[in-house]
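Open the model in your viewer and keep the selection box at hand. Each stop below names what to pick and what is there.

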Amino acid sequence: MTNPAVSFAHYYFQYSSGRVPALKDICLDIVPGSFTVLLGPSGAGKTTLCKSMTGILPYYQGGSYAGDVRVLGESTKGRKVSDLAMRIGFMMEDYESQLVSLTAGEEVAFALVNHGFPPGETEDRVRRALAEVGLPGRENYQLDELSGGQRQRLALASLLAVRPEVIVLDEPVSAMDPDGAESLYKLIHEIHEEHGTTFVVVEHRVEFVLPYVTDLVAVKDGRIAVAGPCGDVVPALYADPALRPLLPDLWQIRCGLEARTGQSFRLWRSVAGAVDELRERGMGPLAVRKEGNP
């Protein structure tokens, strides 16, 4: 049986400055090769969950914990964050704080050099990683010569160069306009498809990941409210009035139509896909507008 990409077993975490645990009795398995999206209100514990996956908590920032976290079958207990980074990469929402070098090439090479990759392989990995994120030939660019979106892609390239099997992204498009967000997620999807990398993404604007997400995890008050494949989780979220707003409008409309008509609809990945299915059923897009605006 294949190990989960990431596994939590009755995991609790409390910050040193906190009065109550930020995470409570977390039992969760992330499926290898999945594109998993973490949902939840602000302060629910999503970022704490991500930092716990990557060993930043409790081994770097500190705090008290109980239970166990495993990455690809190995416990994170006592492991250095730098060692875990070879298997699980993490891009924080404040990605700028992770950029430590003067040029794009030095930034991508930083982790490779620290892990002892030979110069020739380091150079090759830097070149390929920059090309993968749409920054070919930018090795000698100063970071201040890159736009905000390009620096965000550079942070992703720094993870890709190491080739971790799991990549965790905390709101990677929070500062982007819709075009930039769609472009970055399309890139992430291409990497996911080409390399089979497991992606775990915290995202509030779920509409940007509709074409790609395979699994959903909803976090509420430091606990896992519901987790699993999208087809199982979406109806459960819709049935809970407190969690329903986490769903994008398109999936709320779909669930509402199912409740109203008694029919089952495909898990719509786009408005065009929704319109096509409604037309197939002789309903037309008017049904969506009426359901979305009663």
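**Stop 1: Phe208**

Select Phe208 and show its neighbours. Leaving aside residues up to four places away in sequence, Phe208 touches Val173, Pro178, Ala181, Glu182 and Tyr185; contact means heavy atoms within 4.5 Å. This is a predicted model, in which local features need pLDDT of at least 70 and side-chain atom pairs count only at pLDDT 80 or more, while totals for chains, interfaces and linings use all residues. Residues are numbered from 1 along each chain as its sequence is written, and side-chain values use heavy atoms, with hydrogens and water left out.

Stay on Phe208. Its place is the loop between strand E8 (198-202) and strand E9 (215-220). Helices (H or I, at least four residues) and strands (E, at least two) are DSSP runs, numbered from the N terminus. Is Phe208 buried or exposed? Phe208 has a relative accessible area of 9%, so it is buried. Buried means under 20% relative accessible area, exposed means over 50%, and partly exposed lies in between (1.4 Å probe, protein chains only). Now add Pro248 to the selection. The two residues are 40 apart along the chain, and their C-alpha atoms are separated by 9.4 Å.

**Stop 2: the whole chain**

Zoom out and colour by secondary structure. The chain has eleven helices and ten strands. Its radius of gyration is 20 Å, close to the 19 Å that the globule rule gives for 294 residues, so the chain is as compact as a globular protein of that length. That radius is taken over C-alpha atoms, and the globule rule is 2.2 Å times the number of residues to the power 0.38. Rotate the view: along its principal axes the C-alpha trace spans about 60 × 45 × 40 Å.

Switch to a surface. The accessible surface of the chain is about 13700 Å², and carbon and sulfur atoms hold 50% of it. Areas come from the Shrake-Rupley method with a 1.4 Å probe; for residues, only the protein chains shown count as cover. Of the 294 residues, 47% are buried. Among contacts with a separation of 6 or more, 62% join residues 24 or more positions apart.

**Stop 3: helix H1 and what follows**

Select residues 46-53. This is helix H1, and seven of its eight residues are buried. Among them are Leu49, Cys50 and Met53. Lys46 and Lys51 are also on the buried list.

Step forward along the chain. Gly55, just after H1, takes a positive phi of about 85°. Next, pick Leu57 and Pro58. The peptide bond from Leu57 to Pro58 is cis, with omega near 0°. Pro58 belongs to helix H2 (residues 56-59).

**Stop 4: two positive phi angles**

Select Asp25 in strand E2 (residues 23-30). Asp25 is not a glycine, yet it has a positive phi of about 50°. With a relative accessible area of 30%, Asp25 is partly exposed.

Then go to Leu72, in the loop between strand E4 (64-71) and E5. Leu72 is not a glycine either, and its phi is positive, at about 55°. At 18% relative accessibility, Leu72 counts as buried.

**Stop 5: salt bridges**

Show the charged side chains. How many salt bridges does the structure hold? There are twelve. A salt bridge is a side-chain nitrogen of Lys or Arg within 4 Å of a carboxyl oxygen of Asp or Glu.

Start with Glu258 and Arg254. They form a salt bridge, with the closest N and O atoms 3.4 Å apart. Both sit in helix H9 (residues 249-261), four residues apart, so about one helical turn separates them. Arg254 is buried, at 7% relative accessible area.

Now select Glu74, Arg79, Arg87 and Glu165. Salt bridges that share partners join these four into one network. Arg79 and Glu74 meet at 3.0 Å, N to O. Arg79 is partly exposed at 25% relative accessibility, and Glu74 is partly exposed at 37%. Arg87 also pairs with Glu74, with the closest N and O atoms 3.4 Å apart. Arg87 lies in the loop between helix H3 (81-84) and strand E6 (88-91), and Glu74 in strand E5 (residues 74-75), so the pair ties together parts that are 13 residues apart in sequence. Arg87 is partly exposed, with a relative accessible area of 24%.
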